[in-house]
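Welcome to this tour! Keep your viewer open, and select each part as we come to it.

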Amino acid sequence: MAVPAALPNILILYSIMTAIHPLRYTWSYREPADLSRLAYHKLIFWNDGICLLGYSEEHTIVAAKSLGFDPDISAETFTGFLMDEPLLGGGEPVTQLLVFSDRQMLIPEGVFDVDASEGWFRSLHFVDTNEAVEVFALHKPKAVALEAVRRDLISVIKGIYADVAVLGFSNHLLNFFDEGAGNVGVTILGDKAVLQAYRFQQLHALKVTDASEGEVLQFIAALQDTYGMKQEDVRITVSGYGDRLVPVMITLRDFFATREHLLQESFFNAVALCGS
């Protein structure tokens, strides 16, 4: 079969487009949306993804977009992506950058020492030259979270949005954990899952992984082994957004007492209250 003459040009254009925006995952909420209602933005950022949240003056979600990119994305490519993204193109301020990482460590406040803790962290986790170990305070329990984050990409965001406040998202997950919740928190963020284990309503373990049923069940099984929990002892609270939310919830319901807390729109509106 003869190859159409235009095909090489199309392939070249496609290669250029994927090189500019090497996205491995996309998910949108309320797009297309009335972007004239936008008043401000918040960003949830992790090492290979970002969630863009656009809010109205009433602090309700207008539109959201979750994107996963190549973990080796360059600062230049990331800058171009932010500048070209329509959801961020209206000139509204970005008020908060909520950061989390798949490499983290929790340390009680009373024994925290900056230099010693960072050295310990680096002995347990690889930290690349374009990364930094950030320290975020937790309110409950009184502890700190050390997390390895892309320093160069955060610098890009701060360079474009000079007034943005950088906060640890792990701390704000605790704001979603109320007294009626269980002892395991599963927060789905697009194609990622932030898994939390609680004892006496205080955070004891935190893990970031792919939002697959197998990864979530493996985390819960490890908790059962660690704490001697029976199946009937596990009570799960699910929050978050994205196309992985329902499959994970259905699987969890088959095995454990599962409560849906903040999903899709209600999750986004809860994030609007972070740091307020």
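**Stop 1: a glycine after a helix**

Select G228, just after helix α6, and you will find a residue with a positive phi of about 65°. Keep in mind that you are looking at a predicted model.

**Stop 2: along helix α6**

Now step back and select α6 itself, residues 213-227. This helix has 15 residues and reaches 21 Å from its first C-alpha to its last, close to the 21 Å expected at 1.5 Å a residue. Which residues of α6 are buried? Colour V216, F219, I220, L223 and Q224, and you have them. These residues lie on the same side of α6, because they cover an arc of only 140° around the axis. What covers them includes β10, β11, β12, β13 and α7. Next, turn to the face that points away from the buried side: here you meet the exposed residues G214, Q218, D225 and T226.

**Stop 3: the sheet of 5 strands**

Select the strands in the order β12-β11-β10-β13-β14 and you will see an open sheet with mixed pairing. Which strands stand at the edges? They are β12 (202-210) and β14 (257-263); each has a single partner strand, so one side of each is left without a neighbour in the sheet. Averaged over neighbouring strands, the turn against each other is 20°, direction ignored.

Zoom in on β11, residues 192-199: 8 bridges join this strand to β12, and the two run antiparallel. For one bridge, pick A193, whose partner in β12 is T209. Bring α6 back into view, and you will see that this helix packs on the sheet, touching β10 (184-189), β11, β12 and β13 (235-241). The direction of α6 makes about 20° with that of β11.

Move on to β13 and β14, which run parallel and are joined by 5 bridges. Here I236 stands opposite T258 in β14. Add helix α7, residues 245-255, which lies across β10, β13 and β14 and runs at about 170° to β13. Together, β13, α7 and β14 make a right-handed β-α-β unit.

**Stop 4: the sheet of 6 strands**

Another open sheet, also with mixed pairing, appears when you select β1-β4-β3-β2-β5-β9 in that order. At its edges stand β1 (23-29) and β9 (165-168), each with a single partner strand, so one side of each is left without a neighbour in the sheet. Neighbouring strands of this sheet are turned by 15° against each other on average, direction ignored.

Look at β3 (residues 49-55) and β4 (residues 61-69), an antiparallel pair with 7 bridges. L52 stands opposite K65 in β4. Then select helix α2, residues 75-84, which packs on the sheet and touches β2 (40-46), β3 and β4. Its direction makes about 20° with that of β3. Helix α4, residues 151-160, packs on the sheet too, touching β2, β3, β4, β5 (94-99) and β9, with its direction at about 175° to that of β2.

**Stop 5: one residue up close**

Select A132, which sits in strand β7, residues 131-138. Is A132 buried or exposed? Its relative accessible area is 11%, so A132 is buried. Leaving aside residues up to four places away in sequence, A132 touches V127, E147, A148, V149 and R151.

**Last stop: the whole chain**

Finally, show everything: 8 helices and 14 strands. Of the 276 residues, 49% count as buried.

Note on methods: Residues are numbered from 1 along each chain as its sequence is written. This is a predicted model: local features need pLDDT of at least 70, side-chain atom pairs count only at pLDDT 80 or more; totals for chains, interfaces and linings use all residues. Side-chain values use heavy atoms; hydrogens and water are left out. Two strands pair if DSSP finds at least two bridges between them. Helices (H or I, at least four residues) and strands (E, at least two) are DSSP runs, numbered from the N terminus. Axes are lines fitted to C-alpha atoms, for helices over the stretch in contact, and angles run from 0 to 180 degrees between N-to-C directions. Contact means heavy atoms within 4.5 Å. A crossover is right-handed if, with the strands pointing away from the viewer, the path from the first strand over the helix to the second runs clockwise. The expected span of a helix is 1.5 Å times one less than its number of residues. Buried means under 20% relative accessible area, exposed over 50%, partly exposed in between (1.4 Å probe, protein chains only). The arc is that of the directions from the helix axis to the C-beta atoms.
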